[in-house]
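User: Could you take a close look at one part of this model for me? I'd like to hear about its pocket and whatever sits around it.

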Amino acid sequence: MPAVSAIFGSREHLEVSRALGELQARRPVRVRAPGEDLIALPVEELDDQRLREFSMLCSPETVKLIVTQQRARAIGIETATPMALSLAPTLDASGVVVLAAGNKSRFTAEAEAASYAATAAIRLIKLVRGLPAILAAPARTIDSDVIQSISAIDADAVHRFVADATGRLAVASEATVPLASGTSARFVVFRDVLGVDQVAIIVGKPDESKAVPVRLHSACLTGDVFGSRRCDCGDQLQLALARLESLGGGVILYLAQEGRGIGLANKMRAYRLQDGGLDTRDANTTLGFEDDERDYGIAASMLRTLNYPRIVLLTNNPAKLDGLTQAGIEITARVPLEAPVTPHNKRYLTTKAVRSGHKLVTLKASSKETS
């Protein structure tokens, strides 16, 4: 039925989309794999009533907490895979959340490697920028009428959806916008498969016969909009805009990758952990994420759509060079883009330089002056 396929997409795509919607609404989903039939509930916004009802739904099966390998290591489990943690019967919802995301938690009870279906469920919750932890139990004892009402998805479909996501990008709209500097820019809004807007801001008139200057900028509400001094994001955005204007034109890709790809809510959780003493990288991994969750495949797809496959990249971050190069974009040169070092952002920038390999000459000079 080609007409139905055109409207709804493939059955597999439809199933993943529905499962993602259920997870965003904090409802359970069913994940299947050979020999597995798992029901999973997000830990985010868990309260005692939802925990009690989920446990009753799964009874007599035992509910376990599924966490990523990063979170498992943060609570004292040496592992290279996601883990399934046995929960004490007396543990309430707040205790589960602390175990999933709290600082200085330690786990000493029984744990085992998470199943293939459970790992796929973690990937699903990451796609909707949720806290990467779920409650899970086998679905085999759930009443057949109830189980039919729960969105189901195959684990393999989840992994295929993630792998194919960067290829499903379309231009949603565009318009010319006059900027405060006096320059006009063309805003081209792309929409990805999750319905998230990614924006290309074409400043001036880039010379397409040469490598086009490009800045990949991860959205930062706190820095870009409210001028947070905790990071250098807002300063870098303004520096990039001024540099592109001085060059006669270029492109800013404004990517929906808040908090190094973990989303705004999780970024605020990471800030709380940083207030407790952790640096940027350790805060992200303590929450169960990679230290940097960003993928630059979408940026590469945007550049190809705009017919800018050959660029000069404005960045201090080698990972952006590597990510775009691996995605088939030719980078002819790197241009540094260093914001001022202040007492508020020095720790953040130091972590970038020392632990993430960012090329920050200004920071080194500042360190020499104060040593």
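Analyst: Here's a tour that starts at the pocket and works outwards.

This is a predicted model, so to speak of local features we need pLDDT of at least 70, and of side-chain atom pairs 80 or more, while totals for chains, interfaces and linings use all residues. Numbering starts from 1 along each chain, and side-chain values use heavy atoms, without hydrogens or water.

The largest pocket (an open set of 1 Å grid points where a 1.4 Å probe fits, with protein on both sides within 12 Å along at least five of seven lines) holds about 1,000 Å³ of space. Its lining (residues with an atom within 4 Å of a point) has 38 residues, and Lys 126, Leu 127, Arg 129, Leu 194 and Glu 293 come closest to the centre. By type, the lining has 17 nonpolar residues, 12 polar and 9 charged.

Which helix gives the largest share of that lining? That's α6, with 5 residues. Helices (DSSP H or I runs of at least four residues; strands are E runs of at least two) that each supply at least two lining residues are α2 (11–24), α4 (69–74), α6 (116–127), α8 (155–164) and α11 (258–261).

Now follow α6 to its neighbour α2. Their axes (lines fitted to C-alpha atoms) come within 9 Å and cross at roughly 70°, which means that α2 is roughly perpendicular (65 to 115 degrees) to α6. Who touches whom? From α2, Val 16, Ala 19, Leu 20 and Leu 23 meet Leu 124, Ile 125 and Leu 127 of α6 (heavy atoms within 4.5 Å). This contact is made by 7 nonpolar residues, with no polar and no charged ones. Leu 127 thus turns up twice in our tour: in this contact and among the residues closest to the pocket's centre.

Helix α6 also lies across β1 (29–33), β2, β3, β6 and β7, running at about 35° to β2. Another helix, α3 (residues 48–58), lies across β2 (36–42) and β6 (133–138), at about 170° to β2.

What sheet do we find here? An open one of 7 strands, in the order β5-β4-β3-β6-β2-β1-β7, with mixed pairing (at least two DSSP bridges between strands). At its edges, β5 (111–113) and β7 (152–154) each pair on one side only. From one strand to the next, the twist averages 30°. As a sample, β3 (residues 64–67) pairs with β4 (residues 83–86) in the antiparallel sense over 4 bridges, and Leu 65 stands opposite Leu 85 in β4.

Terms used
Points joined across faces, edges and corners; volume = space filled by probe spheres on them. Nonpolar A, V, L, I, M, F, W, Y, C, P; charged D, E, K, R; others polar. Axes fitted to C-alpha atoms, helices over the stretch in contact; angles between N-to-C directions. Parallel < 35°, antiparallel > 145°, perpendicular 65-115°, else oblique.
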